[in-house]
Amino acid sequence: MHLLNQLERLTYIDWLIKQKATGTPKQLAAKLEVSVVTVYRTIAMLKNEMKAPIVYCKHCRGYKYTDEDYELKLK
């Protein structure tokens, strides 16, 4: 995958989380135009490598940050 596309995807996911608009993994995959597997891999990368405090909320059926002050830092 092209690095710029990946950075754009991460930035868009971050924005969607902050807007409370990710939806389910299937809905997020459709928004990103990727597979559900890619969504899971990208979320796992954000959580494990970038230490983003992301959880899936079954009640709101979407991803959210456990720390509302979290800022994604892309370098």
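These legends go with several close-up views of a predicted model.

**View 1. Helix α2 meets helix α3.**
Let us start with two neighbouring helices, α2 (residues 25-32) and α3 (residues 36-48), which pack at an angle of about 95°. Their axes lie 8 Å apart. Since angles of 65 to 115 degrees count as roughly perpendicular, α2 is roughly perpendicular to α3. On the α2 side, the residues that take part are P25, K26, L28, A29 and L32. Their partners in α3 are V36, V39 and Y40. By class, this contact of α2 with α3 holds seven nonpolar residues and one charged residue, with no polar ones.

**View 2. E33, in the loop between α2 and α3.**
Now look at the loop that joins these two helices, where you will find E33. The phi angle of E33 is near 60°, a positive value in a residue other than glycine. E33 has a relative accessibility of 73%, and because the cut-off for exposed is over 50%, E33 counts as exposed.

**View 3. R61, in the loop between β1 and β2.**
A second loop to visit is the one between β1 (54-57) and β2, and R61 lies in it. Although R61 is not a glycine, its phi is positive, at about 55°. With 52% relative accessibility, R61 counts as exposed.

**View 4. The largest pocket and its lining.**
Here the view turns to the largest pocket, which holds about 250 Å³ of space. A total of 13 residues line this pocket. If you would like to find its centre, look for I17, K18, K20, K64 and Y65, the lining residues that lie nearest to it. Helix α1 (3-18) and strand β2 (62-65) each supply at least two residues of the lining. Strand β2 gives the largest share, with four residues. Sorted by class, the lining has five nonpolar, three polar and five charged residues.

**View 5. K64, a lining residue in strand β2.**
Staying with the pocket, this view picks out K64, one of the residues nearest the pocket centre. K64 is found in strand β2. Its relative accessibility is 39%, so K64 counts as partly exposed. Leaving aside neighbours within four places in sequence, K64 is in contact with I17, P53, I54, V55 and C57. One of these partners, I54, is 10 residues away from K64 along the chain, yet the C-alpha atoms of the two are separated by 5.6 Å.

**View 6. D14, a buried residue of helix α1.**
Next comes an acidic side chain, D14, which lies in helix α1. D14 has a relative accessible area of 11%, and because buried means under 20%, D14 is buried. Not counting residues up to four places away in sequence, D14 touches Y65 and L72. You may recognise Y65 from the pocket view, where it is among the residues nearest the centre.

**View 7. T42, a buried residue of helix α3.**
The last stop takes you back to helix α3, where T42 is found. At 9% relative accessibility, T42 counts as buried. Beyond residues up to four places away in sequence, T42 touches R9, L10 and I13.

Conventions: Residues numbered from 1 in each chain as written. Predicted model: local features only at pLDDT ≥ 70, side-chain atom pairs only at ≥ 80, totals over all residues. Heavy atoms only, no water. Axes fitted to C-alpha atoms, helices over the stretch in contact; angles between N-to-C directions. Parallel < 35°, antiparallel > 145°, perpendicular 65-115°, else oblique. Contact = heavy atoms within 4.5 Å. Nonpolar A, V, L, I, M, F, W, Y, C, P; charged D, E, K, R; others polar. 1 Å grid on protein atoms, 1.4 Å probe; cavity = no way out; pocket = protein on both sides within 12 Å on 5 of 7 lines; lining within 4 Å. Points joined across faces, edges and corners; volume = space filled by probe spheres on them. Buried < 20%, exposed > 50% of the residue type's maximum accessible area, 1.4 Å probe, protein only.
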